[in-house]
Amino acid sequence: MNRLVGAGLRAQRKTALLVGEGLAEQAFLNHLKSIYVVRGSKQVSVKTAKGKGGAHVLEHTHRQSLQAAYDQVGALLDTDTDWGDLQRQRARRLGIEIFEATPCLEALLLHTAGLPPPATTPHCKRQFHQRFGCEAHAAELFGQHFSRPLLDSARLRVGTLERLIRFLQT
């Protein structure tokens, strides 16, 4: 939302903070940002919490959100470590929108690519590596395998992806 400020009537862009659990989440969020944020429409800061589980990601996101007056704050995190109802409730109280990758980012990416992800993190990581030939934080991964047409199609069936894209576009 643009706001008019002062006598100069200067447009102010909406700001958002989006924190990923680790480097792979940060790379994925930057990829989504490059596709779905229209230049000049919104300022999105993508950061990483450098792992350590869901509760740490939530705390890191909260601390980062205090550094500036963001219009929106969100976090993409895995649900396999240190994450549950207490953390979800705290996120709601703090006004942080949570995007859960269950059980891990690789599962979300496999689902986005049209593959049914395994139920456990080790199996997801193994299947992901077999399918893509690299780790989820590999620099070339998203540009090569997650094009806008694939993402546009996948967002219709992958709820977390749809919510992430809406967060970036609104």
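The expected span of a helix is taken here as 1.5 Å times one less than its number of residues, and this yardstick serves for the opening stop of the tour, which runs through a predicted model.

Select helix α2, residues 54-65. Helix α2 has 12 residues and reaches 16 Å from its first C-alpha to its last, close to the 16 Å expected at 1.5 Å a residue. Colour its buried positions next: these are G54, V57, L58, H60, T61, H62, Q64 and S65. If you then display the surroundings, the elements covering these buried residues of α2 include the strands β3 (14-20), β4 (42-48), β5 (72-78) and β6 (97-101), together with helix α3.

Keep α2 on screen and add helix α3, residues 85-94. Two packed helices are described by the angle between their axes and the distance between the axes. For α2 and α3, the axes come within 10 Å and cross at roughly 10°; since angles under 35 degrees count as roughly parallel, the two helices α2 and α3 are therefore roughly parallel to each other. To see the side chains involved, show A55, L58, E59 and H62 on the α2 side, which meet Q87, R90, A91 and L94 of α3. Sorted by class, this contact of α2 with α3 has 4 nonpolar, 2 polar and 2 charged residues.

Now move to another helix pair and select α1, residues 23-36, along with α4. The axes of α1 and α4 come within 10 Å and cross at roughly 35°. Here A24, E25 and F28 in α1 meet L105, L108 and L109 in α4, and the residues of this contact divide into 5 nonpolar, no polar and 1 charged.

Stay with α4 and pick E106, which lies in that helix. Is E106 buried or exposed? At 7% relative accessibility, E106 counts as buried, because the cut-off for buried is under 20%. Setting aside residues up to four places away in sequence, E106 touches C124, K125, F128 and A136.

Two of these partners, C124 and F128, lead to the next selection, since they are among the buried residues of helix α5, which are T121, C124, F128 and F132. These buried residues cover an arc of only 55° around the axis, which puts them on the same side of α5. The helix itself, residues 121-132, has 12 residues and reaches 16 Å from its first C-alpha to its last, close to the 16 Å expected at 1.5 Å a residue. Covering its buried residues are elements that include α4 (105-112) and α6 (141-145), while the face of α5 turned away from its buried side carries the exposed residues P122 and Q130. Just after α5, look at G133, whose phi is positive, near 70°.

From there, select C134 in the loop between α5 and α6. At 10% relative accessibility, C134 counts as buried, and, leaving aside its neighbours within four places in sequence, C134 is in contact with F128, H129, E140 and L141. For a sense of scale, draw a distance from the C-alpha atom of C134 to that of H56, 78 residues apart along the chain, and the viewer should give 26 Å.

The last stop is A113, in the loop between α4 and α5. A113 is partly exposed, with a relative accessible area of 22%. Not counting residues up to four places away in sequence, A113 touches F132, F146, L150 and R157. The C-alpha atoms of A113 and S153, 40 residues apart along the chain, are separated by 9.7 Å.

How values were computed. Residues are numbered from 1 along each chain as its sequence is written. This is a predicted model: local features need pLDDT of at least 70, side-chain atom pairs count only at pLDDT 80 or more; totals for chains, interfaces and linings use all residues. Side-chain values use heavy atoms; hydrogens and water are left out. Helices (H or I, at least four residues) and strands (E, at least two) are DSSP runs, numbered from the N terminus. Buried means under 20% relative accessible area, exposed over 50%, partly exposed in between (1.4 Å probe, protein chains only). The arc is that of the directions from the helix axis to the C-beta atoms. Contact means heavy atoms within 4.5 Å. Axes are lines fitted to C-alpha atoms, for helices over the stretch in contact, and angles run from 0 to 180 degrees between N-to-C directions. Angles under 35 degrees count as roughly parallel, over 145 as roughly antiparallel, 65 to 115 as roughly perpendicular and the rest as oblique. Ala, Val, Leu, Ile, Met, Phe, Trp, Tyr, Cys and Pro count as nonpolar, Asp, Glu, Lys and Arg as charged, and the others, Gly among them, as polar.
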